[in-house]
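Trainee: I would like a close look at one stretch of this model, and then at how far the rest can be relied on.

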Amino acid sequence: MTLEEQVRSNRIRSAMLLLSFGLVFVGIGAAVQAVYGGAWLIIIATIAFVYALISWFANGKMIASWTGARPVTKGEYPELVRAVENASIGAGLAQTPQVRVVDDPSPNAFAAGGSPKSAYIAATSGLLGMMDKRELEAVVAHEVGHVRNRDVRLMSLTAVLVGVVALVADISLRLAFFGGGRRRGGNPILMIIGIVMLILAPIAAFGIQMSLSRRREYLADESSAEITGDPEGLAMALWKLKLDTTELRHANRATAHLYIETPLNNTSGVRSALSGLFATHPSLDSRIESLEKMGGFQLPVPAGQ
Amino acid sequence: MRGGEPASTGGAKTNPARPPPRIIAGIVIFIYVIAGVVVLIAIWIVLIFNHLIRLGNEAKRGWSNIDVQLKRRTDLIPNLVEAVKGYAAHERQVFEEVTAARTAMQQASGPAQAGEANKQATAAIGRLFAVSEAYPALRASENFQKLQDELTDTEDKIAAARRYYNQTVYQYNTRIQSFPDLIVAKLGGFHEREFFALDSPAEAALPNVDFSGGGAPAK
């Protein structure tokens, strides 16, 4: 597959994502209307349509407010801004994406937004403190690779659409089972929405895995190597990320796939048991290994331990 | 390539002077086929032409990225020379080298020449920085630090722009040298583009990203 085919496939997938989002809510609306009557189908479908419309144009801003990514100037973070500038030049982007920083000690980075013109690159303050210039440039080039490959719109749309499913599921469950305590038995409509959502939310989360294959991350790693000409720099950066075990404060399942490394680390219990099944990212070891093969080098520390 | 022409109207009986309708129908079909092939070839040529134009534009944009940084570099050099002169006026030889390199950069026409001049400038500026190591007061000066920082940044940006430019030129040149596109390129007046500061053509082709592999890295 060439870059053009990758771009086209991302565009088609974005359209399909919106379509299936719409269908899910039309289905919910129809179910509620069938049980309860009234004009629920049109109401729910309209709300979903408006939300999808907003998502298409403002997904970058929505994600920024969820993750706490604030725009920064070159004066504040000269190294980061320069890294983004250089990677954009190396990738041949017509325009340098906006640069944002998330104040969080956990090292991570992501790209979000729509077209390359409206996309932005965000890094956590933890990442800036941990990486040297070469590693930072490699990580930033990975994100710029997502922008160039037109992954960002699809990834961002997935985040905001899946995010709202999770949110609605959460709210309706609470209202259905706990909020309705004043009235006996709870509200049947909310109950139905809640149950449907309860079923839907994990399916939607699984949908992320389906629509955003882990190949995308390998691809962005390769793009980074192409942009910087330095696969070793990225391998070292990934190695550092692997050693780190802090968890991002604002990360959740909806936005997890946006980051360069999975932000939901080392949690015990159910989430950890499910992490292999629902992993949004390939293991850092295999990514490092793939970079080692590509660049014909070997990191001093054995990657698989 | 339509075959639905009326072939049996009985016209042959009423007018024996005209060729039988089967032959007319045959000719009509033949004309349709020829027209269809011509249209297909025309579409194919237009597609290739557009592709080459796009690749060429990408190379142009890549070059303008380099050009912007080269200009920035030539603008910074006099400031740097001035800054160093204030502390180390007698290091005349290095100043001359840097100035000569700058002139070469300004006079260079085309990516290949500019690449050579840029290499020369990198070496000269490197020597100037090496010389300035001996002057702690100079190194402590804020102006000098800022210039050094800016020049390092331009150098990084030239390196990044160079990688992208050479990759696009490699793609473009390969396309217009290989068979079907070759014809369109000749007819459309597409010419090969020069690389910028490239040691070997193979350098531009690597690393090759394989978009189909599941993380299986290309060479």
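Trainee: Over residues 266–273 of chain A, where pLDDT stays under 50, how many contacts beyond four places in sequence does the model have?

Mentor: The model has 3 contacts beyond four places in sequence for residues 266–273 of chain A, where pLDDT (the predictor's confidence in each residue, from 0 to 100) stays under 50. A contact here means two residues whose C-beta atoms, placed from the backbone, lie within 7 Å. This is a predicted model, in which local features need pLDDT of at least 70 and side-chain atom pairs count only at pLDDT 80 or more, while totals for chains, interfaces and linings use all residues. Residues are numbered from 1 along each chain as its sequence is written, and chains are lettered from A and ligands numbered from 1 in the order in which they are written.

Residues 180–184 of chain A are a second such stretch: pLDDT stays under 50 there, and the model again gives 3 contacts beyond four places in sequence. For the chain as a whole, the mean pLDDT is 80, with 78% of the residues of chain A at 70 or more. The fold around these stretches has 11 helices and 4 strands in chain A; helices (H or I, at least four residues) and strands (E, at least two) are DSSP runs, numbered from the N terminus. Of the contacts in chain A that join residues at least 6 apart in sequence, 70% are between residues at least 24 apart.

Burial is the next point. In chain A, 46% of the 305 residues count as buried (20 or more other C-beta atoms within 10 Å). One residue to look at is T158(A), which sits in helix α6 (residues 151–177) of chain A. T158(A) has 25 other C-beta atoms within 10 Å, so T158(A) is buried. The C-alpha atom of T158(A) is 9.3 Å from that of L258(A), although the two residues are 100 apart along the chain.

Helix packing in chain A can be followed through two pairs. Two packed helices are described by the angle between their axes and the distance between the axes. Helix α1 (residues 3–36) of chain A and helix α2 (residues 40–67) of chain A have axes that come within 7 Å and cross at roughly 160°. The axes are lines fitted to C-alpha atoms over the stretch in contact, with angles from 0 to 180 degrees between N-to-C directions. The two helices α1(A) and α2(A) are therefore roughly antiparallel (an angle over 145 degrees). On the α1(A) side the residues include L18(A), F21(A), F25(A), I28(A), V32(A) and Y36(A), and those they meet in α2(A) include W40(A), I44(A), A48(A) and A52(A). That contact has 15 nonpolar residues, 3 polar and no charged. Here Asp, Glu, Lys and Arg are charged, Ala, Val, Leu, Ile, Met, Phe, Trp, Tyr, Cys and Pro nonpolar, and the others, Gly among them, polar.

The second pair is α3(A) with helix α5 (residues 133–148) of chain A, whose axes come within 8 Å and cross at roughly 50°. That angle makes α3(A) oblique to α5(A). Residues in this contact include E79(A), N86(A) and A91(A) from α3(A), and K133(A), E137(A) and R148(A) from α5(A). By class, the contact of α3(A) with α5(A) holds 9 nonpolar, 4 polar and 4 charged residues.

Next comes the interface. The contact between the chains takes 25 residues from chain A and 19 residues from chain B. On the chain A side, α1, α3 (78–91), α8 (215–228) and α11 (284–295) each supply at least two residues. The most come from α8(A), with 7 residues. The chain A side divides into 9 nonpolar, 9 polar and 7 charged residues. For the complex, the predictor gives an ipTM of 0.74 and a pTM of 0.79.

Chain B has 8 helices and 0 strands, and 25% of its 219 residues are buried. Of the contacts in chain B with a separation of 6 or more, 72% join residues 24 or more positions apart. The average pLDDT of chain B is 81, and 82% of the residues score at least 70. Confidence in chain B is lowest in helix α1 (residues 11–14), with a mean of 50, and highest in helix α2 (residues 21–85), at 90. Residues 7–12 of chain B stay under 50 in pLDDT, with 7 contacts beyond four places in sequence. Residues 207–219 of chain B are also below 50, and the model gives that stretch 30 contacts beyond near neighbours in sequence.

Methods. Angles under 35 degrees count as roughly parallel, over 145 as roughly antiparallel, 65 to 115 as roughly perpendicular and the rest as oblique. A residue is buried if 20 or more other C-beta atoms lie within 10 Å of its own, exposed if 12 or fewer, and partly exposed in between; C-beta atoms are placed from the backbone.
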